[in-house]
Structure formats: structure tokens, C-alpha cells
Amino acid sequence: MKKLLLLTCLFSFSCLNATTWNVGPSRTYTLPSQVKNLVSDGDTIYFDGAVYSNDATKWIKKGLHFIGLGTGNNRATMQYIGDIPNGKGLWVFELNGTSDDAYVENIVFDGAQVSDIDGGNGAAIRYQANNLTVVNCKFMNCQNGILEGNGAVTTSNVTILDSEFQNNGYQLQNDPTYSGYEHNIYISASTDTLLVKNNYFHDPRGQANSLKTRAQRAFIVYNLIDEAAGYGSWELNIAQGGLNVIMGNVIIQGAGGANHGIVSYDAAVNTLEDFYFVNNTVINQYQGNIKFFNIVPSSGINTFKIYNNILASSPGASNTIYGGNVPAVLDSSNNLTANNYLTLGFTNPGTDDYSLTALATGAIDQGTAAGTTNTLYSLTPVNMYQSFTVALTPRSIIGSAIDIGAYEYNAGLGISSLAAANEIKIYPNPSNGDFFIEGNGKVQIEICNSLGEIVFAKQGENKIAVNEKFSTGIYFVKISNGEKVQIKKLAIE
């Protein structure tokens, strides 16, 4: 289970008169495109677990909420085989002011591509409007997972949470001649603020960047970015500067990608030019020349703070920490560099578990306070990544100083153990209204419908049984056990 944000419409006036639609193989409407011209602003569309084949849709209403009801191997999957004829993507939101404020949750997008004549730049979600929120989705086998941008838009906010990006990029695997403009995520300068949190990026293809951003402000926090066996380019591409906070991530350069560099800072043309790279664990698995940071602009960067990071490679690599133009404002402190990441005391690098054991003496209590950004955003990490499918683990300083890297050593517990110890369970889920909520000690719950109305509340010890007649749909369960509060999704079928 995972921690989810409540739908943005819970506090929106436009949702008061919203209509709910159901799409599925046994429903009146069997394809997304069949409800395109029926929905109104603020409506919610539920998709039954199924594969929806070769049905690309341009959405023309604002405030729409798209929610998949399926779980496991039966999630709602938008799949396209071949070139998409609209020349843009599977789901397209191209009219700012008309297609704004989309919310997409628990949906798989598979196989979005357009022809080379149309630019070879197709996307699962092509977003040209204002404000996009994506939660618990999967993007795979697409030229672009999310492609966002419209020159007429300057104030869009994009939030991407708890999602997976796999095998995205240009469709010709391992084609070294292609320029690699297609990526897991591409965010243009039309975005004012980008938040990317608790996501899993892996195995890009066709020289894709894991994340390329031109946003004015970007907060890339608590993600796992692993090139793995993919053929990608930069893990992070800061294409034109801005305010960038990159904190608490595990970032892994694979052994055989197209470009042997991890973070690229391409230009300094945004209004803000402040770069903060704090408490990340960065691993290079390529045995050759590698740049951890490549800085192109020779001037214009106001802040370049690199604090409390693990920067480590495989044996045999030739490491350059700062390549290109090293900024005059470089502020580097308490970073741990190593030529063999396997000697640093990680729990299990083979499974991407880079939490610390007692052997990680070079990292434990060796960090320093990073302070705040120039805009007063705290640079002390408060979470740790464990899996995009579960809630982030809280992080607090244990010992005399913060630990270096993305994890705080916690008395020998690896991150998998921490997840198991802290998890509050709700089962079965999906349910017919008869389910259990289980935690440690006193548990208090509130269940809200998609309009934010509390429809059930109860408290008890350790385990609460619920047997109520709820309408079919998605609910949000706020669960408190006195130590932590979680918000979980509950599907009633």
C-alpha cells in the first residue's frame, strides 16, 4: 500500500456538481474515447481493471479525475500498438484554459509512439495545459512517459508521485545514432513548479534521460533512479537552470548506457539559478570515464551547493566529479567519494537497497547541516525511499550529525525492515465493504469518499473490522496509530 494525496477536487467548488463515469469491458462505455464528449468540467472517470487497446484520446474538459480501479496484474492499462495517428500521444491535453487541472491515478500506459514523420516524439501523457497531477501510475515502452509543455503557458504546476517509468525512450532499442530527445519525463519551461517524489525510474532506452526539466522550480526528492540494463543518457538533465532541489534520491548510472554522465546542467537562462544537491546516494556502475556533474554554462549560476552525498563508482572507473565549467560559487561539503561502492557498507546493493549498515562508518554521523535554499526551503531530508509502492519512511537525525547519503543508519535495520515495522495494513483491498485495518496499538480511522466527505469513522486496538455498505468507487482512508498518520486508497467493488 502507499501513501496518496487526496484528490485535488476535495476542496474545489467545481466538484460539488461533478458526475461520476465508469468505463470497462462490461460497462455501457467500453473505451475512454467514448466518454470524451460526455464529461463535464470536474467529472471523475473510473476505469475497471482491463486493457484498453489502441484508443488514443484528446481530453477537452478541465478538472477531470481519471482513476483506475484494478490492482496487481489487472490494472487499467491504456495500450497502443503501432503509431498513434494524432501525432502526439495516448492521452493529450492540448488546450490551456480548457483542459487544465488533470488528475491521473493508478493507470498503466503502455506503448505510446508516433511516426518519425510526426517527430517520433509520442507520449503516454502529452500535457499542454495548466496543472497536472499523476499518482501511482506506470509508464512503459513509450517514446516519452510524460511530455509537458506549451509556450503559451507559464504558471503550470506538475506533480508526479509514487509512479514507475520503465523502458521509455525512442523505440529503436540501443540505436546510438538517434539524438535521444525522448525521455521518461520531459518538462518544459512552461512549468513553474515541478515536484517528483517517491518514483522509480529504470531501464531507459534510446538514449533517454530519466528526467529532463526546464521548469522554473524543480523539487526532485526521495526517488530511485536506476539506469540498470538500459541504454540511457543523463539520469538528470537540468536543461536551462532554475531553482533545483535534488535531495534524498538513490541515483544509479548503469554499466552500458549511451552517455557516461549522471547529472547535466546545460544552461543558465531561467530567472532563478540555484542548484542544491543534498543527501543523495549516487552510484556509477560504468567501468570507464564518468562525470558525476557536467556543467555547461560558464557564468550565470548563483548557487551550486553539493552537501552530504555519497558519490561512488565501480572499480576500474575513472571518476570526474565536476566536469565542464566548475561554477565559481561551488559550495561542496561533507561528500563521501569512493572508487568501490561495494566497500561502503550498504545493506544490499544487488537489490538497490542502499540503506546503511554498521559498517558504513564513512557515512554514519559524518554529514553537516545544509541549511535552506535562498527561498528558505529546508535542505534537511525528512524521508527515505523504500519502494514507490509504499509510503516513504520518515527520516530524523540519529546520533551526533546527519548521515551522508539518502539513508539514516537506524540500529542495523535495513530499509526493507523499516518498511515492515512501520506499515499499517488494510485488507482485503479491493473489498466489497467488509475489510480489516491493522496497526500497532490504538488505531483510529476516517474514510472519505471522492468528494472529501467522511462516510465512516472508528477507533480500536490493533485491528478494526469494517462491514459497511459503500457505493462502488475509490475511497481514502486516514489511519492514525498515535505515532504516524497514513492516507491509503481503498477500492470498493
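1. In this predicted model, lysine 138 and glutamate 164 are both buried. Their side chains form a salt bridge, with an N to O distance of 3.8 Å. The pair connects distant parts of the chain, since lysine 138 belongs to strand E12 (residues 138-140) and glutamate 164 to strand E15 (residues 164-166), 26 residues apart.

2. Lysine 138 also enters the description of aspartate 352, as the nearest side chain of opposite charge, 14 Å away. Aspartate 352 is buried but has no salt bridge. A salt bridge requires a side-chain nitrogen of Lys or Arg within 4 Å of a carboxyl oxygen of Asp or Glu. Aspartate 352 sits in the loop between strand E34 (346-348) and strand E35 (353-356). Apart from neighbours within four places in sequence, its contacts are Leu224, Asp226 and Ile252.

3. Six salt bridges are found in a search of the whole structure. One of them joins the side chains of aspartate 48 and arginine 27, at 2.8 Å, N to O. Aspartate 48 is in the loop between strand E2 (44-47) and strand E3 (51-53), and arginine 27 is in the loop between strand E1 (20-23) and E2, so the salt bridge ties together parts 21 residues apart in sequence. Aspartate 48 counts as buried because its relative accessibility is 13%, under the 20% limit. Arginine 27, at 30%, counts as partly exposed.

4. Lysine 88 and glutamate 94 form a further salt bridge through their side chains, at 3.0 Å, N to O. Lysine 88 is partly exposed at 23% relative accessibility, and glutamate 94 is partly exposed at 25%. A network of salt bridges links these two residues with Lys58.

5. The model contains an open sheet of 10 strands with parallel pairing, in the order E4-E7-E10-E13-E16-E19-E22-E25-E28-E31. Strand E4 (57-58) and strand E31 (318-324) are at the edges and have a single partner strand each, so one side of each lacks a neighbour in the sheet.

6. Within that sheet, strand E25 (residues 261-265) and strand E28 (residues 289-295) run parallel and are joined by four bridges. Serine 264 has asparagine 294, in E28, as its bridge partner.

7. Serine 314 is located in the loop between strand E30 (310-313) and E31. Its relative accessible area is 7%, so serine 314 is buried. With neighbours within four places in sequence left aside, serine 314 is in contact with Asn284, Gln285, Gln287, Asn339 and Tyr341.

Terms used:
Residues are numbered from 1 along each chain as its sequence is written. This is a predicted model: local features need pLDDT of at least 70, side-chain atom pairs count only at pLDDT 80 or more; totals for chains, interfaces and linings use all residues. Side-chain values use heavy atoms; hydrogens and water are left out. Two strands pair if DSSP finds at least two bridges between them. Helices (H or I, at least four residues) and strands (E, at least two) are DSSP runs, numbered from the N terminus. Buried means under 20% relative accessible area, exposed over 50%, partly exposed in between (1.4 Å probe, protein chains only). Lys and Arg count as positive and Asp and Glu as negative; His and the chain ends are not counted. Contact means heavy atoms within 4.5 Å.
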